[in-house]
Amino acid sequence: PMLPVLAVAKTVVLFYLKKGSTLRFCSPPKTSFKATHSLRGLIYSVLLVTLLCVAVPLGYAIVALPASGAFMPQVDQERWIGNFTQTACVAEPVWTDCANCLDDSRSGTICYTTSSEGSHPSGTAVAVETFCAACPSGCGPFRNQETFYKTMENEFDTWPSWIRTVVEIIGTSSFAFVFVAFLGGWLYIARTRAHARKAIISRLTLERDMERMDKIWILEKYSITLDQV
């Protein structure tokens, strides 16, 4: 029960120690902090790093890792189907995983083999029904798919043909080139307009300063004070 109290006391002591050392040994910079430039760059950098940290592992999991069910790694399937009675294989077709169970037309006896580290490296004869009943059934919308992306491909195949045609056109390199060219032109026009606005603001500022200097010169030339106005 005393651990939270000790943690709070430690935090308070460290805070005031750091505050005292900062006020004693540190001095403020001579130039003010340019928050308009530095903070914006920091925010964009943190956003980019965050997006990369999220997109890279998520993209790898979507396109490379198998979903639950028949396409699970063999080391995981061994937990489900590794307890069959050892029976020598004769001339049965060889199966190494549960992916063959997705074909409902298969029947008879098969020879189930695993890698050298598995429980059946030399193969064992087993009925198709028994083997498939012991395989993991999977769960979720991505079960029994090679990858998560395969489910999206299957769903994409069910869309109307004109939508698939539009999506395929958008995914071509020609469309990407046109889009990049259009985006580059739009950015160039936007940057040109921004520079033009800055030039106008600078010119108006200069005109304002010149008018102020002219008025000051007139007041000093004719010795005019504000009381005489």
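Buried means under 20% relative accessible area and exposed means over 50%, with partly exposed in between; these words are used in the legends below, which describe a predicted model.

**View 1. A salt bridge within helix H5 joins Lys-150 and Glu-153**. Glu-153 has a relative accessibility of 31% and therefore counts as partly exposed, and Lys-150, with a relative accessible area of 32%, is likewise partly exposed. The side chains of these residues meet in a salt bridge, with a distance of 3.8 Å from N to O. Both Lys-150 and Glu-153 belong to helix H5, which covers residues 148-157, and they are three residues apart, a spacing of about one turn of the helix. This pair belongs to a set of two salt bridges that a search of the whole structure finds.

**View 2. Arg-208 and Asp-209 form a salt bridge**. Here the closest N and O atoms of the two residues are 3.5 Å apart. Arg-208 has a relative accessibility of 54%, and because exposed means over 50%, Arg-208 counts as exposed. Its partner in the salt bridge, Asp-209, has a relative accessible area of 25% and is partly exposed.

**View 3. Three strands make up an open sheet with mixed pairing**. The strands follow the order E1-E2-E3, and the edges of the sheet are strand E1 (94-95) and strand E3 (124-127), each of which pairs on one side only. Strand E1 runs parallel to strand E2, which comprises residues 109-112, and two bridges join these strands. A residue to look for in this view is Trp-95, whose bridge partner in E2 is Tyr-112.

**View 4. A nonpolar patch of about 1200 Å² lies on the surface**. Among the residues that make this patch are Trp-162, Val-166, Ile-169 and Ile-170, as well as Phe-175, Phe-179, Trp-186 and Leu-187. Helix H6 (161-170) and helix H7 (173-221) each supply at least two residues of the patch, and the largest share, seven residues, comes from H7.

**View 5. Phe-175 is a residue of the nonpolar patch**. Phe-175 lies in helix H7, the helix that gives the patch its largest share of residues. With a relative accessible area of 37%, Phe-175 is partly exposed. Other members of the patch that can be located alongside Phe-175 in the list of residues include Val-180, Phe-182 and Leu-183.

Note on methods. Residues numbered from 1 in each chain as written. Predicted model: local features only at pLDDT ≥ 70, side-chain atom pairs only at ≥ 80, totals over all residues. Heavy atoms only, no water. Salt bridge = Lys/Arg side-chain N within 4 Å of Asp/Glu carboxyl O. Helix = DSSP H or I, 4+ residues; strand = E, 2+ residues; numbered from the N terminus. Buried < 20%, exposed > 50% of the residue type's maximum accessible area, 1.4 Å probe, protein only. Pairing = 2+ DSSP bridges. Patch = residues over 30% accessible without salt bridge, like charges linked within 9 Å, V, L, I, M, F, W, Y side chains within 5 Å. Areas by Shrake-Rupley, 256 points an atom, 1.4 Å probe, with all protein chains shown as cover.
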